[in-house]
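Let's take a walk through a protein together, one step at a time. Keep the 3D view open beside you as you read, and turn it whenever a new residue comes up.

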Amino acid sequence: MSLQTTSSQTIGPYLHIGLTWLVTDNLAGPGVTGEKIMVEGRILDGDGQPVNDAVVEIWQANAHGRYPHPEDAQDKPLEPAFKGFGRVTTDSEGAFRFTTIKPGRVPAPGGGVQAPHLNVTLFTRGLLKHLITRMYFPDDPANADDPVLRSVPAERRATLIASTMAGKSSALRWNIVLQGTDETVFFEY
């Protein structure tokens, strides 16, 4: 018998138990303005295996660049039909999917503006602390000036930028790799 932990199992597969009622996979209901998009991807562990019991949460601004939160006091439109927050669980292949809109640019700490992005939080087995990352949009000229993306070494930025799915201009693919050579960049807040 081995008591060593593996990269794919250290705590236990408990995230699906009792959490399915919290799933919110569509952030953009009827009447929400902006470019509607579908984001899909997979969560992979350090061995390249799918993580089938992860929870992926996103938090984002609306198409005008305003968060649906009382602390966002910008003089920009607030859309009651836009949730701004979504949560999904991964399936047996580690896959997840959200339907949302491309967010507008939001203020950056210290001045300026950030490129459109999704704030992403990940919970899964083996993690004693959640992971925080971002997803940026492919070919967006604002990416070049985003202060957070610029703080990431150039050779690692691609892990934060989704790709357009072939034949589907409004569908993006973005995989999250937990560790290894293609590990997604994670941030500490």
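A good place to begin is Ile176. Setting aside its neighbours within four places in sequence, Ile176 is in contact with Arg42, Ile43, Leu44, Phe96, Val120, Leu122, Thr184 and Phe186. Keep in mind as you look that this is a predicted model.

Where does Ile176 belong? Ile176 is part of the largest nonpolar core, which has 26 residues. Within this core, the residues with the most contacts are Ile43, Val56, Phe96, Leu122, Met135 and Ile176. Several strands help to build the core: E1 (36–44), E2, E4 (95–101), E5 (117–123) and E6 (131–136) each supply at least two of its residues. Apart from this core lies another one, made of nine residues, including Tyr136, Leu160, Val185 and Phe187.

Now step back and look at the whole chain. It has one helix and nine strands. Reading from the N terminus, the elements follow the order β-β-β-β-β-β-α-β-β-β. Of the 189 residues in the protein chain, 44% are buried. The chain exposes about 10200 Å², and carbon and sulfur atoms supply 54% of that area. What share of the contacts with a separation of 6 or more comes from residues 24 or more positions apart? The share is 69%.

Next, let's see how some of the strands sit side by side. As a reminder, strands of a sheet pair through backbone hydrogen bonds, either parallel or antiparallel. Here you can find an open sheet of four strands in the order E3-E2-E5-E6, with antiparallel pairing. Strands E3 and E6 are the edge strands, and each of them pairs on one side only. From one strand to the next, the twist averages 25°.

Start at the E3 edge. Strand E3 covers residues 85–89, and four of its five residues are buried, so this strand is mostly covered. Its partner is strand E2 (residues 55–59), and the two pair in the antiparallel sense over five bridges. Val56 stands opposite Val88 in E3. You have met Val56 already: it is among the residues with the most contacts inside the largest nonpolar core.

Now move to the other edge of the sheet. Strands E5 and E6 run antiparallel and are joined by six bridges. Val120 has Thr133 in E6 as its bridge partner, and Val120 is also one of the residues in contact with Ile176.

Strand E5 also holds Thr121. Is Thr121 buried or exposed? Its relative accessibility is 19%, and because the cut-off for buried is under 20%, Thr121 counts as buried. Leaving aside neighbours within four places in sequence, Thr121 is in contact with Val55, Val56, Glu57, His130, Leu131 and Ile132.

Finally, look for the aromatic rings. The structure holds two aromatic pairs. One of them is formed by Trp59 and Tyr67, which are stacked, with 5.6 Å from centre to centre and 15° between the planes. The two partners fall into separate classes of exposure: Trp59 counts as partly exposed at 28% relative accessibility, whereas Tyr67 is buried, with a relative accessible area of 17%.

Note on methods
Residues are numbered from 1 along each chain as its sequence is written. This is a predicted model: local features need pLDDT of at least 70, side-chain atom pairs count only at pLDDT 80 or more; totals for chains, interfaces and linings use all residues. Side-chain values use heavy atoms; hydrogens and water are left out. Buried means under 20% relative accessible area, exposed over 50%, partly exposed in between (1.4 Å probe, protein chains only). Two strands pair if DSSP finds at least two bridges between them. Contact means heavy atoms within 4.5 Å. Accessible areas come from the Shrake-Rupley method with a 1.4 Å probe; for residues, only the protein chains shown count as cover. A nonpolar core is a set of buried Ala, Val, Leu, Ile, Met, Phe, Trp, Tyr and Cys residues joined through side-chain atoms within 4.5 Å. Rings of Phe, Tyr and Trp (its six-membered ring) pair if their centres lie within 6.5 Å; planes under 30 degrees apart count as stacked, over 60 as edge-to-face and the rest as tilted. Axes are lines fitted to C-alpha atoms, for helices over the stretch in contact, and angles run from 0 to 180 degrees between N-to-C directions.
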